[in-house]
Amino acid sequence: VQLQASGGGLVQPGGSLRLSCAASGGTVSYYVMGWFRQAPGSEREAVAAISWGGGSTRYPDSVKGRFTISRDNTKNTVYPQMNSLKPEDTAVYYCAAGPSSSYYTGRYDYWGQGTQVTVSS
C-alpha cells in the first residue's frame, strides 16, 4: 500500500486547510488511518486517528475541537479537516495506515511522504 498526502500549504492563523491521504496499491478500507505531524526539532506527534469504518475517531488535546478526520472508503482516501489553525500547528503532516491495534498503539505499517503545513501571517 502506498499513501500520498496532499493539501498542505500556507495559511493565516485562524484559517482552515483540508488535507487528503490517497491510498494506492491496495485498499485501506479495513485499516485504521492516522495522521501525524512533526515540526523541526520536535518529536512526531499523533494528531488524529480513525477506525476502519469511520465510526470512531480520536485526537490529542492539542487539536481536539479544531481537527476532524473523516474517510471515504469508496475513494480509498482519508481527510483531516483542520480549522482555527495556529502557528504552532506548523509542521510536516504525515498519514499512516495500520491494523486495528494501531488505533490504540499509534504504531502503523504504512506511511505517506508528508505534506508541509505552515501557519503564518
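User: In this predicted model, which strand is joined to strand 10 (residues 91–98) by 3 bridges?

Analyst: The model is a predicted one. The two strands concerned run antiparallel and are joined by 3 bridges. Within this pairing, Val92 has Gln116 as its bridge partner. The strand joined to strand 10 is strand 12.

User: Do strand 2 (residues 9–11) and strand 12 pair in the parallel or the antiparallel sense, and what is the bridge partner of Val11 in strand 12?

Analyst: Strand 2 and strand 12 pair over 3 bridges, and the sense of that pairing is parallel. In strand 12, the residue bridged to Val11 is Val119.

User: Which residues of strand 12 (residues 115–119) make up the covered face?

Analyst: Strand 12 has two faces, one of them uncovered and made up of Gln116 and Thr118. Gln116 is also the bridge partner of Val92. The covered face consists of Thr115, Val117 and Val119.

User: How many aromatic pairs are there, and is the pair of Phe36 and Tyr108 stacked or edge-to-face?

Analyst: The count of aromatic pairs comes to 6. For Phe36 and Tyr108, the ring centres lie 5.4 Å apart and the planes stand at 85°, and because planes over 60 degrees apart count in this class, the pair is edge-to-face.

User: How many residues apart are Phe36 and Tyr108?

Analyst: Phe36 belongs to strand 5 (residues 32–38), whereas Tyr108 lies in the loop between helix 1 (102–105) and strand 11 (110–111). The pair therefore links distant parts of the chain, its members being 72 residues apart.

User: Are Phe36 and Tyr108 buried or exposed?

Analyst: Buried means under 20% relative accessible area. Phe36 has a relative accessible area of 6%, and Tyr108 has a relative accessibility of 10%, so each of these values falls under the cut-off. Phe36 and Tyr108 are therefore both buried.

User: Of Tyr103 and Tyr104, which counts as exposed?

Analyst: Tyr103 and Tyr104 form an edge-to-face aromatic pair, with 5.0 Å from centre to centre and 80° between the planes. Tyr103, at 11% relative accessibility, counts as buried. At 66% relative accessibility, the residue that counts as exposed is Tyr104.

User: Which residue has its charged end over the ring of Tyr103, and which lies over the face of Phe36?

Analyst: Phe36 forms one aromatic cluster with Tyr108 and Trp111. Over the ring of Tyr103, at 5.5 Å from its centre, sits the charged end of Arg58. Over the face of Phe36, at 5.4 Å from the ring centre, lies Arg44.

Definitions and conventions. Residues numbered from 1 in each chain as written. Predicted model: local features only at pLDDT ≥ 70, side-chain atom pairs only at ≥ 80, totals over all residues. Heavy atoms only, no water. Buried < 20%, exposed > 50% of the residue type's maximum accessible area, 1.4 Å probe, protein only. Helix = DSSP H or I, 4+ residues; strand = E, 2+ residues; numbered from the N terminus. Pairing = 2+ DSSP bridges. Phe/Tyr/Trp six-rings, centres within 6.5 Å; stacked < 30°, edge-to-face > 60°. Lys NZ or Arg CZ within 6 Å of the ring centre and 35° of its normal.
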